[in-house]
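This report describes the fold of one protein chain and then some of its helix packing. The model is predicted.

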Amino acid sequence: MTDNASAAPAAKVPAARFGGKGLNIGIAVAAVLTVAGLALWGMQLSGGLVQTGMRNFDSWGLYITMFMFLVGLSAGGLIISSAPRVLGVEGFGGISKVAVWTSICCTVLAVGFVVVDLGQPLRLWELFAYSNLGSPLMWDIAVLATYLVLSIVYLWAMLRYESGKGSAVSLRVISTIALITAILVHSVTAWIFGLQQGREMWHTALLAPWFVSSALVCGVALVLVVVIALRKAGYLELDQKHVVKMLKLLGVFVCVDLYFFGCDLLTEGFPAGSGADIVAMLTTGALAPFFWIEVLGCAATAVIAFTPKLRTNPLIVVASLLAIAGIFCKRVQLLVGGFQIPNLDYAGPMTQYTVTDWTSGMAGAYQGMVYWPTPMEFGIVLGVFGLGALMLLVGLKFLPLKPTERSH
């Protein structure tokens, strides 16, 4: 009797520690970051987007880079959650609810970066009131909104099924729709860039499958980091074999993504021509640090994934973070690289309102990075990620995301 009484509190210690002071401190810090980001956004609204590093020659910057990156994080998480159920194969130890909630948080942040990039929130109304349904931008907005709603419905359906109120057939149907939409949302985002014929970095049919492969890389990596952290905190129990299975999957996705990258570089750089300038810009030019971080980081991830002796939890986290950093660097290369080489030799008069580094002329503007974020942009991005951390932690505290018997 005494032994049982003493053993019961010990079993609850990890969960109590996770849901107690530490979690509340995390929520408070995330809330402070969110408020600070809102304050900086208010300053941006009052002074205009000229306070950012974006100009006419480089009209997209850190906000749209983060939008692309977060859509990938979101889609990857939902794909690995829904694919096992759709295909009728063994999953990853009941982590689906956590993966879908992470996906929902990332999607909200992606939408947030679109709003921030618009300059004024009222332009959202204009976006729908005067929309051009023939534009890929409107396709992306429509499919992203649908995707967010479907992700919420999918999470609700899983909670309902695990409480014994839903059927396995209906959940599988919703899983199938969610999987198709997750692939579609990234394909449409890729088409926004791929259909721009004036940008050699963007105009390629390979962009859509490349975006999907990148989504799978960073989505699986993010879920791995979150799951290992939650297991360490005592929030959930997960057999190591499921972690290793996800790691192997991450290694396969990384190799596929690097293969697509290699195909694109070969197509651009051979035979020697205008595409060779792009390859040189990536490998030895202004974007070389981002290129080598991506290539070496993803290669290290593959080595860890396929070497049994290296599959320890600390190295798994390192491999996952390297993969996430590599995909982010790819997004930077894609977006900034599209503006780095001018598509017109004489693009018109140069002022501080058309190009960031305008005082040294056209040659000076393009000899380094054509765009670099201002401190305000970094602060707003940090605030938006604070909102994501706030959503994630509050969801872990109040939503029933722990695996149950029916989660498997």
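What pattern does the protein follow when read along the sequence? The pattern is α-α-α-α-α-α-α-α-α-α-α-α-α-α. The protein has 14 helices and zero strands.

**Overall figures**

The protein has 408 residues, and 50% of them count as buried. Its exposed surface is about 18800 Å², with 71% of that area supplied by carbon and sulfur atoms. When contacts between residues at least 6 apart in sequence are taken, 81% of them join residues at least 24 apart.

**Helix pairs**

Two packed helices are described by the angle between their axes and the distance between the axes. Three pairs are listed here.

| Helix pair | Angle and axis distance |
|---|---|
| α3 (residues 62-87) and α14 (residues 375-398) | about 30°, 10 Å |
| α6 (residues 136-162) and α7 (residues 168-194) | about 155°, 9 Å |
| α11 (residues 288-306) and α12 (residues 313-340) | roughly 150°, within 8 Å |

For the pair α3 and α14, the axes are set at about 30°. Angles under 35 degrees count as roughly parallel, and α3 is therefore roughly parallel to α14. The crossing of α3 past α14 is right-handed. On the α3 side the contact involves Leu62, Tyr63, Met66 and Leu70, which meet Met376, Glu377, Phe378, Ile380, Val381 and Phe385 in α14. By class, nine residues of this contact are nonpolar, none is polar and one is charged.

In the pair α6 and α7, the angle is about 155°. The two helices α6 and α7 are therefore roughly antiparallel to each other. The crossing of α6 past α7 is left-handed. The residues in contact between α6 and α7 comprise 23 nonpolar, three polar and one charged.

How are α11 and α12 oriented to each other, roughly parallel or roughly antiparallel? They are roughly antiparallel, and their crossing is left-handed. From α11, the contact takes in Phe290, Phe291, Ile293, Glu294, Gly297, Cys298, Ala300, Thr301 and Ile304. From α12, the contributors are Leu315, Ala319, Leu322, Ala323, Gly326, Cys329, Lys330, Val332 and Gln333. This contact of α11 with α12 contains 12 nonpolar, four polar and two charged residues.

**Two residues of helix α2**

Leu33 is placed in helix α2, which spans residues 21-47, and Gln44 lies in α2 too.

Is Gln44 buried or exposed? Gln44 is buried, at a relative accessible area of 1%, and the cut-off for buried is under 20%. Setting aside neighbours within four places in sequence, Gln44 contacts Leu49, Gln51, Thr52, Tyr63, Val116, Met376 and Ile380. Among these, Tyr63 belongs to the α3 side of the α3 and α14 contact, and Met376 and Ile380 belong to the α14 side.

Leu33 has a relative accessibility of 31% and counts as partly exposed. Not counting residues up to four places away in sequence, Leu33 touches Leu382, Gly383 and Gly386. Leu33 and Leu390 are separated by 357 residues in sequence, while their C-alpha atoms are 9.2 Å apart in space.

Conventions. Residues are numbered from 1 along each chain as its sequence is written. This is a predicted model: local features need pLDDT of at least 70, side-chain atom pairs count only at pLDDT 80 or more; totals for chains, interfaces and linings use all residues. Side-chain values use heavy atoms; hydrogens and water are left out. Helices (H or I, at least four residues) and strands (E, at least two) are DSSP runs, numbered from the N terminus. Buried means under 20% relative accessible area, exposed over 50%, partly exposed in between (1.4 Å probe, protein chains only). Contact means heavy atoms within 4.5 Å. Accessible areas come from the Shrake-Rupley method with a 1.4 Å probe; for residues, only the protein chains shown count as cover. Axes are lines fitted to C-alpha atoms, for helices over the stretch in contact, and angles run from 0 to 180 degrees between N-to-C directions. Angles under 35 degrees count as roughly parallel, over 145 as roughly antiparallel, 65 to 115 as roughly perpendicular and the rest as oblique. A crossing is left-handed if the near helix is turned anticlockwise from the far one by less than a right angle, and right-handed if clockwise. Ala, Val, Leu, Ile, Met, Phe, Trp, Tyr, Cys and Pro count as nonpolar, Asp, Glu, Lys and Arg as charged, and the others, Gly among them, as polar.
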